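Colleague: I am new to this, so could you pick one pair of helices and take a close, slow look at how they meet?

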Amino acid sequence: MTPGFKDHFSKRAPGYAAFRPRYPAALFDYLAGLAPGRELAWDCGTGNGQAATGLAERFERVVATDPSAEQIAHASPHPKVEYRIARERDSGLAERSVDLVTAAQALHWFDFEAFFRETRRVLRPGGVLAAWCYVDPRLDDPALDRVLQDYYAGTVHDYWPPERRFTQDGYRSIAFPFPDLEAPTLWLEMNPNLHEFSGYLRTWSATQRYVEAHGRDPVDDVEAALIPGWGDPSARRSLRWPLHLRVGRSPAAE
């Protein structure tokens, strides 16, 4: 673990890799289409590499960094992805070498000033910065969704880290270093069974902080409340989130 890193996820790295939603192909197609080239992308705060592997299908090379050694250890291997343990302030990349910089569900944990300074350094003229987040998951069944919302806004409400406020407004309160480009409306979708849904809830930083404070797993109660309406635990339900995306382009060479 790198010094000064607020680590909310290393202990849950296997679950993060197994239960977090995957990003839609349309997101990576859109970003690749904006980039001035497709030689190199830097995915900062990569976690287990969910964005990095999507980028690797469209870029010749991806460098994916995360300060958590545990997250990197559980990252999805890909021949075009090089994983590195590093903070957002120090990518180790050459100046003006990167076509696209991404931060997937990670920007709110960064030192903004340090990250944007490093982004300006490594981006090529006309290079693109994209950061996205997702909040407020919704289950397809109203009764099941009420259980989820009671947990999200009730049980663990007071255990969200303060950085959560940035995701709640879709990163709009963060002073972006480049003018915003118009971004498409995109959604994340999963079809989890009950075990997978519970596993996803256990990856939340608020769930982990609740466990640390009370010595018990609150998701056990959620499972018990869901079972009557869920039915067969192996049955799959639709879970959706709006994707909040901010995109900007670095100045072109003069």
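Modeller: Here is the helix pair, followed by the protein around it.

This is a predicted model, in which local features need pLDDT of at least 70 and side-chain atom pairs count only at pLDDT 80 or more, while totals for chains, interfaces and linings use all residues. Residues are numbered from 1 along each chain as its sequence is written, and side-chain values use heavy atoms, leaving out hydrogens and water.

Let's take helix α8, residues 194–202, and helix α10, residues 219–230. Helices here are DSSP runs of H or I with at least four residues, strands are E runs of at least two, and both are numbered from the N terminus. Two packed helices are described by the angle between their axes and the distance between the axes. For α8 and α10 the angle is about 150 degrees and the axes are 11 Å apart. The axes are lines fitted to C-alpha atoms over the stretch in contact, with angles from 0 to 180 degrees between N-to-C directions. The two helices are therefore roughly antiparallel to each other (over 145 degrees; under 35 is roughly parallel, 65 to 115 roughly perpendicular and the rest oblique).

Now look at the side chains. From α8 come L194, F197, S198, L201 and R202, and they meet V219, D220, V222, E223, L226, I227 and W230 of α10. Contact means heavy atoms within 4.5 Å. Sorted by class, this contact has eight nonpolar, one polar and three charged residues.

Let's step back to the whole protein, which has ten helices and eight strands. Buried residues make up 56% of its 254 residues (buried means under 20% relative accessible area, exposed over 50% and partly exposed in between, with a 1.4 Å probe and protein chains only). Of the contacts with a separation of 6 or more, 76% join residues 24 or more positions apart.

Helix α2, residues 25–34, shows both sides of this picture. A26 lies in α2 and counts as partly exposed, because its relative accessibility is 41%. L27, F28, Y30, L31, A32 and L34 of α2, on the other hand, are buried. The buried residues of α2 pack against helix α3 (50–56) and strands β4 (98–104), β5 (123–134), β7 (186–190) and β8 (239–249). As for A26 and S68, they are 42 residues apart along the chain, and their C-alpha atoms are separated by 28 Å.

How values were computed
Ala, Val, Leu, Ile, Met, Phe, Trp, Tyr, Cys and Pro count as nonpolar, Asp, Glu, Lys and Arg as charged, and the others, Gly among them, as polar.
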